[in-house]
Each structure stands twice: as C-alpha cells, then as structure tokens.
Amino acid sequence: MAPRIGVYVCHCGGNISEVVDIQKVMESLEGPVDVVQIKDHEHICSEVGQKLILNDIKENKLDRVVIAACSPQFQGITFMKTMEHAGLSPYVLEMANIREQCSWPHYDYPQEATKKAIDLTKMSLAKARLDIPLEKKVIPIGKRVLIIGGGIAGIQAALDLGDAGFQVYLVEKDPSIGGKMAQLSKTFPTEDCAACILSPKMADVPNNPNIKLMTSTEVKDISGYIGNYQVTVTRKALYVDPDKCTCCDKCVEACPVTVPNEYDEGLTTRKAIYLPSPIAVPHSYILDDKTCLGLFPLACSKCKEVCEPNAIDYDVYPTEEKFTVDTIIVATGFDIYDARQKRVYGLGKYENVFNALEMERMLAYAGEGKPLKDIGNRIAFIQCVGSRDEQVEHEYCSRVCCMYATKLACLLNRERPGKEIYIFYTDLRAYGKGFEEYYKRAQSEGIKYIRGRVAEILEDPKTKKLTLRAEDTLSRKIIESEFNTVVLSVGLIPNEGTRHVAGLLGLSRSQDGFLKEAHLKFRPVDTLIEGVFLAGTVQGPKDIPDSVAQAGAASSRAISLMNKGVYEAEPITAQIDESICIGCGMCADVCAYKAIEITVVDAHTGKKTAVVNEFLCKGCGTCAATCRSGAADVIGVSDHQISKMIEVM
Amino acid sequence: MDLQTKLRQEARKLLEEKLVDVVIGYEDEGAPLRTTPCFITDPQDVDRLVWNPFCDHNLARYLTARKDKAAVVAKGCDTRAIVVLINENQIERKNVNILGMPCGGIVDRKKIYNHLKNGDVREAVLKDKVITVKGLEFTADLMVDDFLADCCLSCRHRNPVLCDVQIGENLPPLDVKDEYKKIKQLEESTSEERWEYFRKTLSKCIRCYACREACPLCYCQQCFTDQNFPAWVGKTTDISDTIVFHIMRAFHTTGRCVDCGACERSCPNNVDIRMLTKKIAKDVKELFGDEAGLQLEEKAPLSFYNEDDPQDFIK
Amino acid sequence: MKNAASKYWRIPLDADRVKTPKGKIHILKERCKGCGFCIEYCPRDVLEFSDEFNEKAYHPPRVKDEKLCLCCHLCELVCPEYAIWSTEEKDEELHHP
Ligand SMILES: Cc1cc2nc3c(=O)[nH]c(=O)nc-3n(C[C@H](O)[C@H](O)[C@H](O)COP(=O)(O)OP(=O)(O)OC[C@H]3O[C@@H](n4cnc5c(N)ncnc54)[C@H](O)[C@@H]3O)c2cc1C
Ligand code: SF4
Ligand code: SF4
C-alpha cells in the first residue's frame, strides 16, 4: 500500500516566506499519488499549527508527515510529540530545514532559495516514503550507581546519592579517599583547613549504609549499557585486616624499608607498611607489596612479628569483583603538571624550588608546628607553570592557581612575619565569589604581585639561594633578585586514571585532554554515553566549590534518570544485513561505543557476522561508512533513503 | 635438494600423516610461462607440485570460506595476505598450514610478451634462471631477473612473515632503491597530467573483475559493484563508472593491500591497478607507519584512533 | 632511594631523621658453591658475583653496596651451604635510607 503523506510548508511569520516563494514550493510537490495533501501555514509550530497536523492525520489518514520549516534541532521535538499525540511513530516525521539552511543564508537570492527549498522538501519527501514507524526502545533501569574516583567530587556524589537511597559503589584506586583536597593545607578564599572540612565528609562515606566503598581498587572492565553496566574491578591485596588493625604503629617501627611518602609528595618518607595519611578513610594500615622486601618468598616479616592483634596476613591475593550498575559517574580528577619539563625553572635540579602541592604539604606541617624545612624569608611564586602555555600544549587556564598562590602566600606571610613574598603572574584571574576581595586582602597584607614571566632561575651552588630573572611588563624593568624559595604554581592536567576510564567507557575528550561533556552549556555533566556523567576536575580544571556543585548536578542527573524506572532509547541504530556480512570485524573495531561484536550466527556452517547491541548503539553510522560490502546500515537513515534523497535533487 | 623436491616431501608428509586435508600449490599444465593452482588431496599426487618463478598466483585467495584444513604454498607476499585474512576473521590460524617459500621474485609474462613484440610463445623451458622461449619463428634466451614483476622489484618481504614450515633458507633482503619511484613521479605531475594518466589507463577496464577475483582480500560476500540497493556504482565500462570502481576498490584495500600484484597481473587489458593501491599503501605507511600483514592480531590502521595520528588534513 | 627518577626526585626532607637497620654481610667464600640464590633473592640487590674463584672453583658472591642492606637475613635463609649471613650493626649512626 502506498504511504499517505501530508506536507506542510511554513512561512515562519515571514522568516521563510519573505525569501522563499511558498506557493512555488507547494506546486512543485504536486503530482505523486502518495502526497495526499500539501498545506502552508504562518506558524506551523504554533498550537493552531499542531492542531491542524493532528486533525489532518486523523481525517486524511496520514501515515507520514513532511514539514518544511526550521531546523529539526529547533522544533523537531515539538513535532515528534505531535506525532505521538496523533498515535503515529515520531520517526515517520521528516523536517526540511528551509529556514536556517535556506531562507536565512540565501536572503539576497530569493529565486535560488526557492529552488533550494524545493530540493530540500523533495528530499525529505523521498526519505519519508521509506521511513519505518520505529518505536522507542524501553530499558528498565534500577537504582545502582558506580562512582569512579573518590576525590571531593566523587565523595560528594556518593553522599548525595547514598542519602537519596541509591545503591552506590565508590571505587578509588588509592588506599584512601579524599583525592587532592586531602593534601591541601587550607582552602581559598575562606582559608578553611582542608582536612577539617573534608574529613567529616570522608568519614560519612563508610558510615552510609547505601555506599559500598572500595579503595585500592581499579576498574578493570565495563561493558553493557545504561541500566545494565557490567563492571569488573580488581581489588589490591592490602595484607592488613582493617577490622583487626588497632593502628598501634608498631609495624611501622619494625619495617626496615623507607620510601617516599605519596601523601606528602615525596617530601617525607614512609615505610612499606604504613597508614596512607593521618585522615585516611578507611583508617587502616596497609602493606605496599611493591616496596616491601618481599612476600613471595617471605623475606623479612618483621611487621607480622610485632603485630599484636595479628592483623597482618601475607597470604592474600588481589581479587576480582563483578557487579551491575545502572548509571556511572566519573570523578577521576586531575594531576598536576610535572614542572620538571620546564627546565628553566629548575625543579628537580634545585632543592629550593618546589611545586605548589609540595608547598601545600609543607604548610600543613608548619601549621601543625612541625615544619619540615626552613624556607627562608624571600619567597617567589611563579604563575601559569604548564598552563596557558602553547609550548607544552596546555593552552587552557587552570583556574585555581592564581587563588591558591594567593592563599599560600597569605599563609606563609602570616606563619612568620617579616617575609617578602612576590607573585610573578601573567594575568591575575580572581573571577569567583569572594576571590577579588581575597586578592585585595593579600595585597594589603603585603604580598607583591608582579606582572611578568620569569625567564630563568639560577642557583648559587654554595648557598643554594635562587636568583630569579624576570621582566616586569608593567614598569618594563628587568628584575633580578635573590630568593630563598621559589614555588611553581603548576597547572592542572588530565591524569592517567581518567585516560584509562575514558578508554573503558569510550568517552571522548576535549582538545585539552579533559573529558568532554555532551554540551558545554546545556548538558555540562552529561556525556555522550547514556547514563554516564562527569563530576569535578575530570571535566576541566575547577576549584572545590565548583567540583562539589558539579557532583551535585551529576548525582541529580543520575537520580532523575533512575527514578523513572525505565529509560527510552533512540531506535535509530545500526543494522547488519547478515546475508552480506562476512564478519571481517572492521565495524567492531571502529565502533566507539563497542556496540558491535562478531558472533557465530549459524552454528552449523560456522558463519560469523557482526551483531549490533541496539542498546549500546548510538546510530552514529561509523560502521556503515566503514563496511566495505555495505552490510552495515542505520535504520531510519539508511543508505537507500539517502541515495533516494540524492536522486530527487 | 632443490626447493621443489623439498616442497613435495613436506606436502607428502602432511597428507600422509593426515595433518591436512588438502595441499594448495602450483602445478604445470603445459601452458608456457604459466603454472596453475592445484589442490592435492592424495599423497601420491604430490609430484604434481612445482615451484618456479611462474608461480604467480596468490594462493591465499583459496583459503577463505574453507572448512577443511589446508596447507598452502605461500611466498612472502602471500603470507602477508594470510596474516591479514587471519586478522580479519576470514581464516582460522589453526586451519591453515603455511608452507612458506622464500621468493626471489616471479616473472611477469606480459613483460616477456612485450619484449617479444607479442610473438606467440609456444614453449618455454626454464634452466638456472634462463628461460628459453620458442615460438613458431623464433627462439630466445631470456634472463628471469630481467622480467620480474614490478612488485617483486620493490619487494621488502621476500621471506615468509608467518609459516609453519619454511622451505629453504631465508633470502637476504633486496636492496630496494626507490620503491615509490613511479608513484613519486605521478605525485609530482600536475593534476591535469594525473587525470590524463588515470583516464587513459582506467578507460581500458572492461569490468571483467579479474582483479577482484585474483585479490586474496576481495572476499566480500557481495561486492559493492554488484549491489543495486543502493547502486553505489554504475555497471558500464564508461570511464565515469570504471574510475569509481577502481578508486573504490583501491580504497577498500587501504591498510590491507600487501602488494602481491595479483590484481595487475590478472588484468587482461593492462590497467595500472597497482598505481592506486601502491599509492594508498605509501600514504598509510607515511601517515600511520603501518604495513599490512606483518603481524597477527594487528588492527587495521584506519580502524582505530591514536592521539598522535596526523591531523594536518583538518584545515 | 627507589623511584628517584620517577615522580619523587627529592631526597625526603625527613630522611636524616628516619632510622633504618644497617646490615653487615659475612661471606664464607670457601663454602660457596656458586648457586647464586643469595644474589637472585636479595630484595635490595646488594650482592653480585665476584670475579675471584674459591677453592672449589666457584665465583662466590661479593657485596656491591653494603649501605643498601637492611639486614633482612633472606640470604642467610636461602643459602644451601650456610655460607652467608648478616648481622645488624648496632651503632647509632644514622644513615641515608
Ligand atoms: C596546589 C593546589 C592547591 C589547591 N587549592 C585549592 C583551594 O585552596 N581551594 C579550592 O577550592 N581548590 C583548590 N585546588 C583545587 C582542588 O584541589 C580541586 O578542585 C579538587 O581537588 C578536585 O577534586 P576532584 O574530586 O575533582 O579530583 P581529585 O581530588 O583529583 O580526586 C580524584 C580521585 O579519583 C581517583 N582516581 C583517579 N583515577 C582513578 C581510577 N581510574 N579509578 C579509581 N579512582 C581513580 C584519584 O585517586 C583521586 O582520589 C587546589 C589544587 C592544587 C593543585
Ligand atoms: S614484611 Fe615488608 S612491610 Fe612487613 S616489615 Fe618487612 S618490609 Fe616492612
Ligand atoms: S564491516 Fe561489514 S562485513 Fe565487516 S563485519 Fe562489519 S558489517 Fe560485516
């Protein structure tokens, strides 16, 4: 039976009709028997217009609708809803964009524009003839969330979701949650002590019955789709039973091995058996088998000998755990730029050059009255190290360095009066709430801000003092001055853990390497993978307030999805013609969503073909473009439809 | 012992011990300057197998869509094709037994015909790198090395890259002077000249699809040229259609073509098919550092993305 | 210190305050039968084969860098000939880990 198509050409209140000759467009479409009616309308998207469509569908028994109007990006959803109201599949609607793609750009060429409008409408008509009334796929969705990364963003999201009654799996690769924030001294602009505001939150995590906390755990594999993500994690062996460990510290005294302490950025040492940090959650000692003298064979076992509660067990092994979740929040955070790459600043060479995170740790120690080192009175900060720097391919601004340098300077200044602190900056950015005020206060406290990039730093080999050469770009003077300590305000960069997770989930990254959101303005915490959200610095440099806000946003996005109980997926997906497919697997290789698998479809002949998982498939069509024999195609935008569209042009 | 005898021995052993169901090799059916693919299932027939510079078919062609276990005589380039086929799920490694032949190059018959000004060769006898050809009115002694196929002159993989049994010692690598000489010349010419060149050579195509049939990697169930829903390319021998056919076929070999030259040798009308495939292979090598068929479990260069992939084409 | 070339390049600022046991290694060269177990198993890579021959014509081990020895006694445990052992230096002298 021939389809019954209704065509509407919209004037868009003159937006279209002032350029395009609507009458001509309508006339050009007359003829084919399946075009049952052709109508024009001032504003087809108006309520009157929609009613008209509804009515026509009923009266004229239309089963396809073509609307020549604006971009489907703009009003597509409106008309799809109209179709649904009329009891038709929204996928038998075609829109010809004769506004954004025609009347607007070709304003000065009405004749040509009319011709193009005719072509565009005819193409939509050709496609509509072959449209299939697809139905949305309904996926049941439960209430389980995986959160990867236990920094402040991951913690906040876990607490939000746990409190709301969702089952949370919080996976952290390090032995403790807390992330970088746990290493900070105090936080700008309020100068709250980081540990004081963070540790209550950290402690809430294991106490929340809805949160399953998995530290020293890495995600090994994720497969599946929204509502059905199959997660495999590897949990490292910790060798100390947290329930038995009384944190008596005896093993630490006994352990002969010292290695740099990660929590203190290597400024202090730890033993092979250690407490990850004073505020660690879970609060238990762990044995680091990479630095231990050896467990296979047992080389030393001094820790076990002294452990009274017998909490240490060497006969444990990494385990794998599998579970299923419905949504995923990625909060794997950032890393700091390795400033040793900027040789002129001498980090890694000069002992009095520190990066900002090291300074955070030094200040934390100084704050407790246990300074690690006398850092002298003349201190310089160098801003934008590894940020806004095309040479190292980090063109972006790291957003927090101006403020944390200000914070560190203020804290140093107050720690012991009589200091002279200079901050060498390129541009000072104090955009956030209370930032400008904080900056002003720092200036009034005597911190000197000098606009200029530092050219080089030289060390006096004997005194270890540092001579810094820079140009003050405001006064155009060359500055050459001696300092006791130089702090490099290193930028935030994407980390290895993020790369790993992005690879597992097939998440795309922005130019700067951070994970890419679905839409910078309107979907800032969504990704292009359904049911996967971003929180915190994994999406781009930001401070703690923004990370927390984003974590809240990500959890509420996840909640709104999961609360519905079902998820409606787009039916436009790839389809494989099994009779043509030879199972070469090219499509499976290129599919960014891992939606295709090569499977034996006929046990008797052993025939293998590609099989599309319609829930994972996003209908991007990459497989269709790759397949040499044309076996892969996209339902709803088939090769056949497109070639018909080209034919009528 | 010469390689041919060794090959026969090896084949006999495989068949007698029932390690394979069939040995795919070359036999001499009497036509001068040629061999024919043969399928030997009986150990008594192994003496039909020959090995000489006329063994020009790429026998990997016969490995796809088989269910039995096959041993195959394979030159360096043929083994590369086998590797690609394994990587593309078309053969299972355990089902093929590769009799790898280090290969000093094969003879391009067409070069001999050209040399003889198309004199009708009735008989050809090979002895120690000298081919004595006889026609009705002539006899000539020709050196094998003067008539090697173009792809053999720039061959970088004369020895098998993958095999179960290697017949004979590895050959030293060929001193290839300028692998891409012709391609470079073409690249340096103006676009009009290039167009003229391609128009000329591709207009000779009669759409017999011999190239497609000879190519070990053209294994699609349904070739794009045969499809009419949608019809990707017209079926005529008009230049507009032949050019689309050849360009598309060449594109389909991207990152896969092992430059065995089977397509070009099979062409009855001397279309320069390798100019397209070789140019693409050159681009793939330069852009992605990849050569097809050198490693098992290697992904085709266009099927994955690396951050340092060249992107200068994005303007 | 391990990892020196990687992320943590600095000698920890508290390095002079941490105490680690200091081992002294004793080798009875003539007992050695050159099995190399001690060299292979030493977690700190303290030992290596020497060039000299003992009476039995084996190369006994020698100490490469005694500072590294933490006196874990593993060499002692693995030596089939009781040819090597370590004792802890009790002096209170601090040294770099
Ligand atoms: C020197 C410095 C000073 C700063 N000072 C301030 C300040 O004063 N005020 C302020 O507001 N902000 C400050 N910031 C910024 C602040 O640190 C960040 O905004 C905040 O830490 C971001 O938290 P996050 O959870 O996004 O990331 P992170 O803190 O990096 O947490 C990410 C977590 O994910 C884990 N992870 C990574 N990969 C994986 C994986 N594959 N699997 C499992 N787990 C993984 C990591 O181990 C880590 O625990 C400062 C930053 C720096 C560098
Ligand atoms: S067994 Fe390992 S962790 Fe325990 S004391 Fe010895 S070196 Fe330290
Ligand atoms: S690329 Fe085409 S032929 Fe190859 S497996 Fe995928 S659908 Fe099948």
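This passage describes the chain contacts, ligand surroundings and aromatic pairs of a predicted model. Residues are numbered from 1 along each chain as its sequence is written, with chains lettered from A and ligands numbered from 1 in the order in which they are written. As the model is predicted, local features need pLDDT of at least 70 and side-chain atom pairs count only at pLDDT 80 or more, while totals for chains, interfaces and linings use all residues; side-chain values use heavy atoms, leaving out hydrogens and water.

Two pairs of chains touch, and chains A and C share the most contacts, a contact being heavy atoms within 4.5 Å. Chain C contributes 24 residues to this contact and chain A contributes 32 residues. Together they bury about 2300 Å², with 60% of it on carbon and sulfur atoms; buried area here is the accessible area (1.4 Å probe) that two parts lose on being put together, summed over both. On the chain C side, the greatest losses of area to chain A fall on C:Tyr8, C:Trp9 and C:Arg10, which together make up 30% of what that side buries.

C:Arg10 appears again in the polar part of the picture. The interface of chain C and chain A holds 1 salt bridge, defined as a side-chain nitrogen of Lys or Arg within 4 Å of a carboxyl oxygen of Asp or Glu. C:Arg10 forms a salt bridge with A:Glu358, and the closest N and O atoms are 2.9 Å apart. Between these chains, 7 residue pairs are in polar contact, both residues being at pLDDT 80 or more. A polar contact is a pair of N or O atoms within 3.5 Å; within protein, one must be able to donate a hydrogen and the other to accept it, and residues adjacent in sequence count only if both atoms are side-chain atoms. The side of chain C that touches chain A comprises 15 nonpolar, 2 polar and 7 charged residues. In this classification, Ala, Val, Leu, Ile, Met, Phe, Trp, Tyr, Cys and Pro are nonpolar, Asp, Glu, Lys and Arg are charged, and the others, Gly among them, are polar.

Turning to chain B, 20 of its residues are in contact with 21 residues of chain A. The buried area between chain B and chain A is about 1700 Å², and carbon and sulfur atoms give 53% of this. B:Asn89, B:Gln221 and B:Ser303 supply 26% of the area that chain B buries against chain A, more than any other three residues. This interface has 2 salt bridges; B:Lys299 forms a salt bridge with A:Asp589, with 3.8 Å between the closest N and O atoms. Chain B and chain C do not touch, and their nearest C-alpha atoms are 24 Å apart.

The ligands come next. Around ligand 2 there are 13 residues (each with a heavy atom within 4 Å), and A:Cys255, A:Cys292, A:Cys300, A:Ser301 and A:Cys303 come nearest. The shell of ligand 2 has 11 nonpolar, 1 polar and 1 charged residues. Ligand 3 is surrounded by 14 residues, the closest being A:Cys581, A:Cys584, A:Gly585, A:Cys587 and A:Cys627. Its shell has 11 nonpolar, 3 polar and no charged residues.

Finally, the whole structure contains 17 aromatic pairs over all chains. Rings of Phe, Tyr and Trp (its six-membered ring) pair if their centres lie within 6.5 Å, with planes under 30 degrees apart counted as stacked, over 60 as edge-to-face and the rest as tilted. The A:Tyr422 and A:Phe424 pair is stacked because the ring planes stand at 25 degrees, with the centres 6.5 Å apart.
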